[in-house]
Amino acid sequence: MSAFADFWAGRELWREPLLAGVLAAALLSYLGVFVVLRRMVFVSAALSEISGVGVAAAFYVGAVAGIDPHTHGAIPILLEPVWFSLVFACAAAALFSFRPGHRKLAPETIVGLGYIVASALVLAILNSPRIAQEAHAVGDILFGNAVIVPRAQIYALAGAGAAAILAHALFFKELLFVSYDPETAVVQGVSVVRYELLLNLIIAIVISVATRAVGALPVFAFTVVPAAAALMLTENIRATMPLSIAFGVVAAAVGYYVSWVAQLPTGATMVVVASVFLLPGLARLAKRSTV
Amino acid sequence: MDLVRLERAVIGYRTPLLPPIDLAMRSGTTLGVLGPNGAGKTALLKSMLGLLPLLGGSLVFPTGRPPRVGYVPQRDRLDQSWPLSVLDVVLMGRTSLLGPVRRFDANDRRRACEALEEIGVGELAERPLYALSGGQHQRVLIARAVAAEPELLVLDEPTSAMDPAAERVLLDLVERLKRAHNLSVVLVTHQLTAVAGFATEVALVDRARGLFEVGPAREMMTAERLGRLYGREVRVIEVGGDMAVVIGPPVKGEEERPRRARTGSTEEAG
């Protein structure tokens, strides 16, 4: 049996994970154009970690209260890891939108601190004796595995995607203006805080949901790599966005297939395939710099 | 009629930069805001536009609403690596006219193209931003401000890094736009030549000396006042009807005087 026939025969197993990967890649690759152009790539890594703190905190609070938070349906809704994750990510996105800072503490430093503190908190909570027995389950919820994806996560991704598409369909010109030139936008009466908050909340929601579906590494990569690859090849934002989405979708699909047939880690393989799309842009840059 | 008025306004980021000031931006005038680097010009501008909350006093809009502003930021503050065309950037000026949800239509594109034609760079509409020269980029930003159909045109250091000829061309362009659209203009600069012969009113600002004076250009652009502002000997001479300002050596005792703020934060005091 050929590799493809073997892959096709197992479609009942990969249909949902592949769909989740493709959906997540499409959404993140689109949002990634804003992320890369606004020079805030580390925000996606920080939001992913901070949403992870929410999941870990839900388990910890559940353990303290004597409730198992990954027993769906048997726990109070306030202890659902999904909600904890979204609330933490959205709170961080709101904080980042208000550009907290100081002349000695740039916004990037605040984001970096968020990432560092969140990473430490996740590790500390996961290694707490109270939830040590559930650490593996928590890890799967935290970082996903891109191999087994419950249908509920597909619906969550579709919902987050619909919200992102709606917000961008309604407010694209404002989001572009405040991202490109916030100073002029605010002088001309466009609320920079409101639209940055909207953009950051959308990014936070998509990252939070996508991290659970496909894992932290692919989420970070899909937010940065396809957009960077597309930006190196295009000079018009209307071409950059579809090209970025196409790179992300193809990387997710091909990466999943390659990981299946070669028995490689799924998330990492998707990232490697996505990185291949950087090559044409890098070659173009090299050609320009030698002219 | 006044478009904007600052009344006993205390401006600053956390602490006052200047003594309480009174300043009225009258319709049809050109106000030059002049001062050395770090004098508080940008803080004054932001306070006038309502972007920087006053620490005291009040900001009054006598027409009952803030004026529509066309803003030309300092060119080097914008990122030219964005994959945007010139038309994309000029259309941004129409964002607040449209309001949320509505998309740019054929009328907006026509108005944006007209603004580019008026500025003399109509042929650049489809050109990518990165391919523009510095002067072209500056004109595109002015076209964006004009596309906003402003009552008040605000230019923040528009002629910095320009040679004198280019500076003159740009100022003539702004003067022409002012007449054509019945605009009021605020020009923030540290370049004396940009203000002399262009502004009808001048505000002199220097937070290091706690100095704020405003009045008709002829009264403000004197050797005595400018000398006080810069701590140097200044000569103001007329050449063929135009005003020229010559800066001389420091006034005695000024060499040793450090240029530091008496009060306030140093950030964005420009």
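This is a selection-by-selection tour of a predicted model, starting in chain B and ending in chain A.

Residues count from 1 along each chain as its sequence is written, while chains are lettered from A and ligands numbered from 1 in the order in which they are written. In this predicted model, local features need pLDDT of at least 70 and side-chain atom pairs count only at pLDDT 80 or more, whereas totals for chains, interfaces and linings use all residues.

**Stop 1: strand E7 of chain B**

Select residues 184–189 of chain B, which make up strand E7. Helices (H or I, at least four residues) and strands (E, at least two) are DSSP runs, numbered from the N terminus. In E7(B), 6 of 6 residues are buried; buried means 20 or more other C-beta atoms within 10 Å of the residue's own, exposed means 12 or fewer, partly exposed is in between, and C-beta atoms are placed from the backbone. Show the side chains: Ser184(B), Val186(B) and Val188(B) point one way, and Val185(B), Leu187(B) and Thr189(B) the other. In a regular strand the side chains alternate between the two faces of the sheet.

**Stop 2: the partners of E7(B)**

Add strand E3 (residues 30–34) of chain B, which runs parallel to E7(B) and is joined to it by 5 bridges. Pairing requires that DSSP finds at least two bridges between two strands. Leu31(B) is opposite Val186(B) here. Next add strand E6 (residues 152–156) of chain B, also parallel to E7(B), with 5 bridges. Across this pairing, Leu153(B) stands opposite Val185(B), and Leu155(B) has Leu187(B) as its bridge partner.

**Stop 3: the whole sheet**

Extend the selection to the 6 strands of the open sheet in chain B, whose order is E5-E6-E7-E3-E8-E9 with mixed pairing. Strand E5 (69–72) and strand E9 (211–216) of chain B are at the edges; each has a single partner strand, so one side of each lacks a neighbour in the sheet. From one strand to the next, the twist averages 15°; axes are lines fitted to C-alpha atoms, for helices over the stretch in contact, and angles run from 0 to 180 degrees between N-to-C directions.

Now show helix H1 (residues 41–48) of chain B, which lies across E3, E6, E7 and strand E8 (201–206) of chain B at about 155° to E7(B). Helix H5 (residues 134–147) of chain B packs on the sheet as well, touching E5 and E6 of chain B and making about 170° with the direction of E5(B).

**Stop 4: between the chains**

Colour the contact between the chains: 21 residues come from chain B and 22 residues from chain A. Residues are in contact if their C-beta atoms, placed from the backbone, lie within 7 Å. On the side of chain B that touches chain A, E5 and helix H3 (95–98) of chain B each supply at least two residues.

**Stop 5: chain A**

Select Ala210(A), then Ala24(A), Leu27(A), Leu28(A), Leu157(A) and Val219(A), its contacts once neighbours within four places in sequence are left aside.

Finish at Glu183(A), in helix H8 (residues 182–187) of chain A. Glu183(A) is partly exposed because it has 17 C-beta neighbours inside 10 Å. From Glu183(A) to Ser44(A) the C-alpha to C-alpha distance is 24 Å, with their positions 139 residues apart in sequence.

Note on methods:
Contact = placed C-beta atoms within 7 Å.
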